[in-house]
Amino acid sequence: MKNNKNKTYIDSTHTWGRIFSVSAVCVLLMVPVAICIKYDAWPSFNQVFKGLLKVIPIFWTTQILEILVYSPMLGTGATYLSFVTGNVTNLKLPCVLNARETAKTKPNTEEDEIVSTIATATSAIVTTVILAVGVIALSPILPKITAEDSFFAPAFKQVLPALFGALGAGYLIKHWRLSFVPVITAVVILIFDGNMGTGTLIPICVVVSIIGAYIMYISGFLTGGVKPKNPLKK
Amino acid sequence: MQDLFYYAGGEFMDFKENGFMYGLAVVVVLFVIGQSIFFMVRAFRQGKKIGISVKTMRSVIMSSTLFTIAPAIAILATVVTLAGTLGIVLPWIRLTVVGNLQYEVTAAQAALESFKDGQSIAVFGQNIKDPRIFSAVSWVMTVGIIFGLILLPLVLKRLQNKIGKIRSETNDSRFGDIISAATFIGLVSAFIGNAIAGKAPTIKENGKILPVGMGAGIMSVAVLITSILVVVALQLLCKKFKWEKFEVFVLPIGMFAGMAMAILLSNVLPESISMLEWRPAT
């Protein structure tokens, strides 16, 4: 019975997610269309196409990778929400991981799905409100807060190490055996190519981490020396 | 074609920041908030149905709010960075929906370069004065990022069904938990690696390559270590003294502690040390 309910909830999440994704595409496209109509300023197809040629090969590929890598981590509702509201790696995913720690849910359960959706929705609302208040009410003082020489500037430059340090602490200590391989891999890759974007580095680290975990598991390294049955062998 | 500024109500208005543009932004903001509230209410109701306590779900909301504040302010700083070229409203719209600094700058720059036709050369960093260039930039920014949203409704259900099937075939819950943890550790590792050995990302502004933020160095490692230590210490205290209500605040406090360390170091240490990057942008 619970399974049927679960299926119904997930199925209807897919239905609503699809409706909102299509609506989001329309809302997004509305912006350039409205600008063109209002200012009677239609650029030529060639000018837009030339610009897109430089962007599409990199960013469309990244978007395919993002769906493949992040959707299993986020869950259904959170994926639909995250891909509309953006900032997936630097905000939505950390928020989901934090929420799961808070609620102590088990991975891949319906509880996990619910908590992830609530966390992502909260994060999207808070970000949207902060941006709106910041732009409308704080525009005169905003440049002073975020300027290169402001008191707070060093903190804003270090948001990601602070965020992932806090988030990683629990995981790294709880699963320290699993952590060595991906962390060392990331550092070694960056020593050779320091300019590699996180968009490329994350899928590499995730794959390496999973392969490392699989090898450690079947070799008994994670189970006190007792070799478990290979879960991928039928 | 209209001019950059027009006279309205006794003052000169920038076409990129007038009431019309703010109106567009309000539509986008209402859509995003509406969608988020809709999904949250559904999840909350379903959570109650399957027995998740309201207290737990409220904790998730509280903790997620705290966890979002600092990164959201950093995104706000991105809006300010882009505002010099695009006005404040278009970056606000772009970063309310899918988008991030590097993508938006790359897309804007690509669109601007397509106008190098001898008539109106523009580069990122200059204030856009031509509505035609402005509209081209908005088209490239939008179409360049829209693919994921088109793809998602077509593939997500199938993708998740496939993953679910693989999970059920393995029939080993302990292995499933380990792989799930390994996936998250892979994600976290990329950012930890960046704090230890990554170079600062760069953008092209006024024809020059400029770093955005800082590369790995004293500051990034000190911030990383501070947040890790603070979280570990607070988690131990929570466990020892059974501070269950305080647990929600542990990760956000760890993050703020890391950021506070950055401010402290930049004020206490000489600049040559605090700003030392062993991986400066190239």
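A disulfide is a pair of cysteine sulfur atoms within 2.5 Å. By that criterion, the structure before us holds zero disulfides over all chains. I should say at once that this is a predicted model, and every value I quote is computed from it.

Let me remain with cysteine for a moment. Are Cys36 and Cys205 of chain A buried or exposed? Buried means under 20% relative accessible area. Cys36(A) has a relative accessibility of 0%, and therefore counts as buried. Cys205(A) also comes out at 0%, so this residue is buried as well.

I turn now to the overall make-up of the two chains, beginning with chain A. Its secondary structure consists of 10 helices and zero strands. Read from the N terminus, the order of elements is accordingly α-α-α-α-α-α-α-α-α-α. Chain A has 234 residues, of which 56% count as buried. Among its contacts with a separation of 6 or more, 50% are made by residues 24 or more positions apart. The exposed area of chain A is about 10,200 Å², and 69% of that is supplied by carbon and sulfur atoms.

Chain B has 10 helices and four strands. Where do the strands fall in the order of elements? From the N terminus, chain B runs β-β-α-α-α-α-α-α-α-β-β-α-α-α. It comprises 282 residues, with 55% counted as buried. Of the contacts in chain B with a separation of 6 or more, 61% are due to residues 24 or more positions apart. Chain B exposes about 12,200 Å², with carbon and sulfur atoms supplying 63%.

The element I would like to examine in detail is helix α9 of chain A, which covers residues 176-192. How many residues does α9(A) have, and what distance does it reach? It has 17 residues and extends 25 Å from its first C-alpha to its last, close to the 24 Å expected at 1.5 Å a residue.

The buried residues of this helix are Leu178(A), Ser179(A), Pro182(A), Val183(A), Thr185(A), Ala186(A), Val187(A), Ile189(A) and Leu190(A). Which elements do they pack against? Within chain A, the partners are α8 (159-174) and α10 (198-218). There is also a partner in the other chain, namely α7 (173-197) of chain B.

The surface offers a further feature. Trp176(A), Phe180(A), Val181(A), Ile184(A), Val188(A), Ile191(A) and Phe192(A) together make a nonpolar surface patch of about 740 Å². One of these residues, Ile191(A), lies in α9(A), the helix just described.

Finally, a point of backbone geometry. Most residues other than glycine have a negative phi. Which residues of chain A deserve a remark here? Asp40(A), which is not a glycine, has a positive phi of about 45°. Asp40(A) sits in the loop between α1 (2-39) and α2 (45-74) of chain A. Exposed means over 50% relative accessible area; at 60%, Asp40(A) therefore counts as exposed.

Lys104(A) is likewise not a glycine, and its phi is positive at about 50°. This lysine belongs to the loop between α4 (88-103) and α5 (110-136) of chain A. With a relative accessible area of 57%, Lys104(A) is exposed.

Technical notes. Residues numbered from 1 in each chain as written. Chains lettered and ligands numbered in written order. Predicted model: local features only at pLDDT ≥ 70, side-chain atom pairs only at ≥ 80, totals over all residues. Heavy atoms only, no water. Buried < 20%, exposed > 50% of the residue type's maximum accessible area, 1.4 Å probe, protein only. Patch = residues over 30% accessible without salt bridge, like charges linked within 9 Å, V, L, I, M, F, W, Y side chains within 5 Å. Areas by Shrake-Rupley, 256 points an atom, 1.4 Å probe, with all protein chains shown as cover. Salt bridge = Lys/Arg side-chain N within 4 Å of Asp/Glu carboxyl O. Expected span 1.5 Å × (residues − 1). Contact = heavy atoms within 4.5 Å.
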